[in-house]
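Here is a short note to read with the model open. Please take the points in order.

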Amino acid sequence: MLRQFLPEEHVESVLDINPSKLKKRGIKALVTDLDNTLIAWNKEKVTPELVQWFSSLEAAGISVMILSNNSEKRVKLFSNSSGVSYIFRAHKPLPFAFKRAMRLMKVQKDEMVVVGDQLLTDIWGANRVGMHTILVTPIVDSDGWATKLNRHLERFILSRLRHRGLLKWED
């Protein structure tokens with residue numbers, strides 16, 4: 001059961017994800033969470049580094065979409081400044097939005113990678129659908145109230161994964 005929460009990879013930042021390496025693996029689409037993955041949960045605007053990263057993904061032929069449980073107002077604000085399409089109120093970890101993103105991006109599940117900072121929403125949801133997963137270290141240590149509970153459960157799950165020797169990285 002714990003393997004459902006196990007990401008294939010772990011990186012400190014989305015900026016550590018190399019588009020050319022994704023392309024070599026056959027990835028054509030990248031779906032990413034917004035809050036604490038791309039920007040801090042309490043910030044609104046895209047950074048110049050993210051703009052450059054989005055451009056490098058596009059140059060590699062990899063399309064990008066934001067998949068967020070947040071409201072349309074929150075996600076649209078970021079999307080308008082970044083030019084990245086989005087799905088809001090995704091209800092992750094339920095599979096519906098992941099499958100919708102796959103249809104909209106016209107890819108198969110093995111051609112898509114899902115990037116996020118939460119095991120219980122991003123990673124578990126994508127793993128349930130059979131997609132590639134990359135866990136990102138949260139940008140800031142603070143979280144919105146709803147995420148705080150998830151973080152406690154995540155720490156427990158990570159400790160169990162570590163105890164069983166399933167993690168390939170250290171905190």
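1. Start with a term. Two strands pair if DSSP finds at least two bridges between them. With that in hand, turn to strand 5: there, Val115 is the bridge partner of Thr32. Strand 2 (residues 29-32) and strand 5 pair in the parallel sense, over four bridges. Keep in mind that this is a predicted model.

2. Now the whole sheet. Six strands make an open sheet, and the pairing is parallel. The order is 1-6-5-2-3-4. Strand 1 (9-11) and strand 4 (85-87) stand at the edges. Each has a single partner strand, so one side of each has no neighbour in the sheet. From one strand to the next, the twist averages 25 degrees.

3. Next, a helix on the sheet. Helix 4 (residues 96-105) lies across strand 2, strand 3, strand 4 and strand 5. Helix 4 runs at about 155 degrees to strand 3.

4. Then the interior. In soluble globular proteins, nonpolar side chains tend to be buried together. Here the largest nonpolar core has 25 residues. Among those with the most contacts inside it are Leu38, Trp53 and Phe78. Helix 2 (48-59), strand 3 (63-67), helix 3 (72-82), strand 5 (112-116) and strand 6 (132-136) each give two or more residues to this core. The largest share, four residues, comes from helix 2.

5. Which residues does Leu38 touch, leaving aside its neighbours within four places in sequence? Its contacts include Val14, Thr32, Leu50, Phe54, Ile66 and Ile139.

6. Finally, a second, separate core has 17 residues. Met65, Val107, Met112 and Val129 are among them.

Terms used. Residues are numbered from 1 along each chain as its sequence is written. This is a predicted model: local features need pLDDT of at least 70, side-chain atom pairs count only at pLDDT 80 or more; totals for chains, interfaces and linings use all residues. Side-chain values use heavy atoms; hydrogens and water are left out. A nonpolar core is a set of buried Ala, Val, Leu, Ile, Met, Phe, Trp, Tyr and Cys residues joined through side-chain atoms within 4.5 Å. Buried means under 20% relative accessible area, exposed over 50%, partly exposed in between (1.4 Å probe, protein chains only). Contact means heavy atoms within 4.5 Å. Axes are lines fitted to C-alpha atoms, for helices over the stretch in contact, and angles run from 0 to 180 degrees between N-to-C directions.
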